[in-house]
Amino acid sequence: MRVLYIMNNVDQGGAALAFKDMIDEVLDNHPEITPIILLAKNNTLASYFAKKGVEIHVINFNNFLTTERHPKILWKVALLSRYLLAKRNFFKTVENRLKIASIDLIHSNLDRFDIGAQLAKKYTLPHVWHIREHGDDFNLQNLLLTDAIKHMNSFHSHFIAISQSVLNKWKEYGIENITLVYDGINATTYPGNVQKSDKVRILFLGGITKTKGQDRFLKIIATLPPETLAKIQIDFIGNGPSHYIQFLKMKYRQLSDVFMFYPYKNDILKQVGQYDIGVNASFMEGFGRVTAEYLEQGLFVMGSASGASPEIITDDKLGWLIDFSDAPQANALKLKEIIDTEVYKLDRAYRIEYIRENFSIKKHVNNVLTVYKQVSENNYDQSI
């Protein structure tokens, strides 16, 4: 089966890493699938897979959904014009470059662009459409003049939601024909705890943005008693706007000895096992790849009690689900108890085994291929 995988111009973040890991697993263990990759920009993913001998096509296209908060009408018209122009040029280029007749299935990696659905409809191909976010937390704006959900349903695609939380939300919107397939991560062989410390080492990995929750997590930290603050060291590792990072440093300058910011590094997973506790305070996590990565290296995880985190952190051995609607002082008491009793030191092997059994990339890809089989059979049945 020849599958056309479509990703837009993003090569960082959870969606891009999930895309990369999924195709790597296909290349390594599923010779029955031949990936062809289409990207909107010549980025690091294009270079990475080109070195592996994968057929790569870079053809510009734009999203029909945008994360612009409240675009003014002129800005929205400009974005719509760009979308329509790129779409017209895209189809001209595709017909010249790709051998569409050789493609068996199209898989779009994000819900924000509809190019894969448009191609699938035009050439009567089955289409799998990944949904990786809740939608409302990004205030997605539809650039088209029609309803976004009606537009997406019109292609008769099969949608994949990366968590039950995401699936439930998009069903509420009205999306049809949607299946739950949890994301998966690779098992690692990096040694844990190679650097000993007299501090409780806490890692907050991910983009430094308001929606990721650094601010509300530091509100809890700021209410800890001095004797507890003296026991901990927090590392924020990720990229974000410099003005927001400076805002956090100034707002919590009394904690300057407790936390530090470091830029994201591609080999950061090699360091995760050196920490005791991992934090994911995202307002509404679609899956929580970083949560799975923490657990896969044995860390106790403090995650938000909203979004998909409760689907991963399912018992007290795995971590603590923080209800951020509670007062910071109440959550600080719970955090102090965790630190004082050192429960984070227990059950590291249990956490590793739990993730590898339930959220492995192998399991993820096997479930995705089951969807491929289902939609291919349905497409064949419809053509009779």
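How many bridges join β5 to strand β6 (residues 127-131)? Three bridges join the two strands, which run parallel. This is a predicted model, in which local features need pLDDT of at least 70 and side-chain atom pairs count only at pLDDT 80 or more, while totals for chains, interfaces and linings use all residues. Residues are numbered from 1 along each chain as its sequence is written, and side-chain values use heavy atoms, with hydrogens and water left out.

**Stop 1: strand β5**

Select residues 105-108, which form strand β5. Helices (H or I, at least four residues) and strands (E, at least two) are DSSP runs, numbered from the N terminus; two strands pair if DSSP finds at least two bridges between them. Add strand β1 (residues 2-7), which is parallel to β5 and joined to it by four bridges. Tyrosine 5 has histidine 107 in β5 as its bridge partner. Toward β6, serine 108 stands opposite tryptophan 129.

Now show the side chains of β5. Leu105 and His107 on one side, and Ile106 and Ser108 on the other, are all buried (under 20% relative accessible area; exposed is over 50% and partly exposed in between, with a 1.4 Å probe and protein chains only). Then add helix α4 (residues 115-123): β5, α4 and β6 make a right-handed β-α-β unit. Right-handed means that, with the strands pointing away from the viewer, the path from the first strand over the helix to the second runs clockwise.

**Stop 2: aromatic pairs**

The whole structure holds 18 aromatic pairs. Rings of Phe, Tyr and Trp (its six-membered ring) pair if their centres lie within 6.5 Å; planes under 30 degrees apart count as stacked, over 60 as edge-to-face and the rest as tilted.

Select phenylalanine 19 and phenylalanine 49. Their ring centres are 6.4 Å apart and their planes stand at 85 degrees, so this pair is edge-to-face. The pair links distant parts of the chain, 30 residues apart: phenylalanine 19 is in helix α1 (residues 14-29) and phenylalanine 49 in helix α2 (residues 44-51). Phenylalanine 19 is buried at 1% relative accessibility, and phenylalanine 49 is buried with a relative accessible area of 1%.

Go next to phenylalanine 90 and phenylalanine 91, an edge-to-face pair with 5.4 Å centre to centre and 85 degrees between the planes. Both of these residues are buried. Then select Phe204, Phe217, Phe236, Phe259 and Phe261, which ring pairs link into a cluster.

**Stop 3: glutamine 214**

Select glutamine 214, in helix α7 (residues 214-221). Is glutamine 214 buried or exposed? Glutamine 214 is buried, because its relative accessible area is 0%. Its contacts (heavy atoms within 4.5 Å) include Phe204, Phe236, Tyr244 and Leu248, not counting residues up to four places away in sequence. Its side chain reaches the backbone oxygen of glycine 207 at 2.8 Å, and a polar atom of that side chain lies 3.5 Å from the backbone nitrogen of threonine 209.

**Stop 4: charges over rings**

A charge sits over a ring if NZ of Lys or CZ of Arg is within 6 Å of the ring centre and within 35 degrees of the ring normal. Arginine 216 lies over the face of phenylalanine 324, 3.9 Å from the ring centre. Lysine 317 has its charged end over the ring of tyrosine 350, 5.0 Å from the centre.

**Stop 5: helix α11**

Finish with residues 289-296, helix α11. Eight of its eight residues are buried, so the helix is largely enclosed by the rest of the structure. Among them are Arg289, Glu293 and Glu296. Glycine 298 follows α11 and has a positive phi, near 90 degrees.

How values were computed. Polar contact = N/O pair within 3.5 Å; in protein donor to acceptor, adjacent residues only side chain to side chain.
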